[in-house]
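Trainee: I would like to go through the pockets of this protein with you. Could we take them one by one?

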Amino acid sequence: MGHGWQGVALKLMRGKDFTFTVRSNERISEHLHRLTFTDGGMLSATGTHPTMWVRLWFEDDGRPHQRAYTLVDPDPAAGTFSMEFVLHPGRASDWARAAEVGDTIEATVQGTGFTVPDPLPSQLLVVGDPASRPAINSLLESMPLTPATIWFESSDPSDADGIPHQDTAGRRVVRVPRRDGGAELVETVRSSLPAHLDANSYVWIACDTATTRALAAFACKQLDVPKERLYALGYWRAS
Ligand SMILES: Cc1cc2nc3c(=O)[nH]c(=O)nc-3n(C[C@H](O)[C@H](O)[C@H](O)COP(=O)(O)OP(=O)(O)OC[C@H]3O[C@@H](n4cnc5c(N)ncnc54)[C@H](O)[C@@H]3O)c2cc1C
């Protein structure tokens, strides 16, 4: 499958292409599949960093359909990693539901990149949902002793179960039901985040694009969180 104009643009931006092969596909819950892959040489070529993600190329009626997914437990020595696919109606979800051992998928590495702040922040203030859970886990693992408050939005209370917080001192998950297209999360975070914030906090936000935009603007414009202490990226577009 060609990658159309998006593939050409990524090539111009020095995107690197790889082919992954499915090693296993496990249905974890009603809303989640975990797939493991061999990396087609990617990890030794690119290295790894916290919250690392890649662009996967799916097919949509013969047209290229590119979506981002986060690496889980990347192992450069073995050339393997996993991915966790949240299930909803969509091409990427459909592919994950049906993927079988030996299936391949093309991927481009471009645009990912996150560096652990140095010096370490006093605390992490994180806002996310099931699509960003793999990235949240990776972020927390990259700063294992840093306290964190995680506002986690989901429609299903069991969705937050995979966040490593219960046995780690100083980490707290605030569960927020997804209501009114994310409005409840925006309201909850706007009313409670200011009381947590100090000058050395690091704010990390990855939810649907509208929610992410609203909360990033709030942190930046109303709370004066400096750019180097704020990361915000919309992970999916609500329709
Ligand atoms: C950097 C980055 C890393 C990401 N990592 C992961 C990851 O590790 N695991 C993961 O599951 N997702 C991850 N995502 C989100 C994923 O790329 C999107 O959810 C994507 O839209 C799924 O594509 P699709 O083809 O299944 O659905 P689309 O064709 O994009 O959308 C189809 C329908 O599904 C809805 N939809 C899409 N995503 C969601 C969602 N998450 N929840 C509810 N409804 C949704 C849309 O509103 C639309 O109505 C990441 C996104 C980014 C930007």
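Trainee: What volume does the largest pocket have?

Mentor: Happy to start there, and please keep in mind that this is a predicted model. The largest pocket is lined by 43 residues, and the closest to its centre include His 88 and Trp 236. Its volume is about 1,400 Å³.

Trainee: Which element gives the most to the lining of the largest pocket?

Mentor: Good one! Several elements supply at least two residues each, among them strand S1 (16-29), helix H3 (91-98) and strand S4 (63-70). With 6 residues, the one that gives the most is S4.

Trainee: How many residues of that lining are charged?

Mentor: Let's split the lining of the largest pocket by class. There are 16 nonpolar and 15 polar residues. The charged ones number 12.

Trainee: Moving on, which element provides the largest share of the lining of the second largest pocket?

Mentor: This pocket holds about 270 Å³ of space, and 18 residues line it. Strand S5 (72-75) and H4 each supply at least two of them. The largest share, 6 residues, comes from H4.

Trainee: And where does the second largest pocket lie with respect to domain 1 (4-109) and domain 2 (123-232)?

Mentor: Look at the residues nearest its centre, which are Leu 71, Val 72, Asp 73, Ser 138 and Glu 141. Both domains give residues to the lining, so the second largest pocket lies between domain 1 (4-109) and domain 2 (123-232).

Note on methods:
Residues numbered from 1 in each chain as written. Predicted model: local features only at pLDDT ≥ 70, side-chain atom pairs only at ≥ 80, totals over all residues. Heavy atoms only, no water. 1 Å grid on protein atoms, 1.4 Å probe; cavity = no way out; pocket = protein on both sides within 12 Å on 5 of 7 lines; lining within 4 Å. Points joined across faces, edges and corners; volume = space filled by probe spheres on them. Helix = DSSP H or I, 4+ residues; strand = E, 2+ residues; numbered from the N terminus. Nonpolar A, V, L, I, M, F, W, Y, C, P; charged D, E, K, R; others polar. Domains from an automatic or database assignment.
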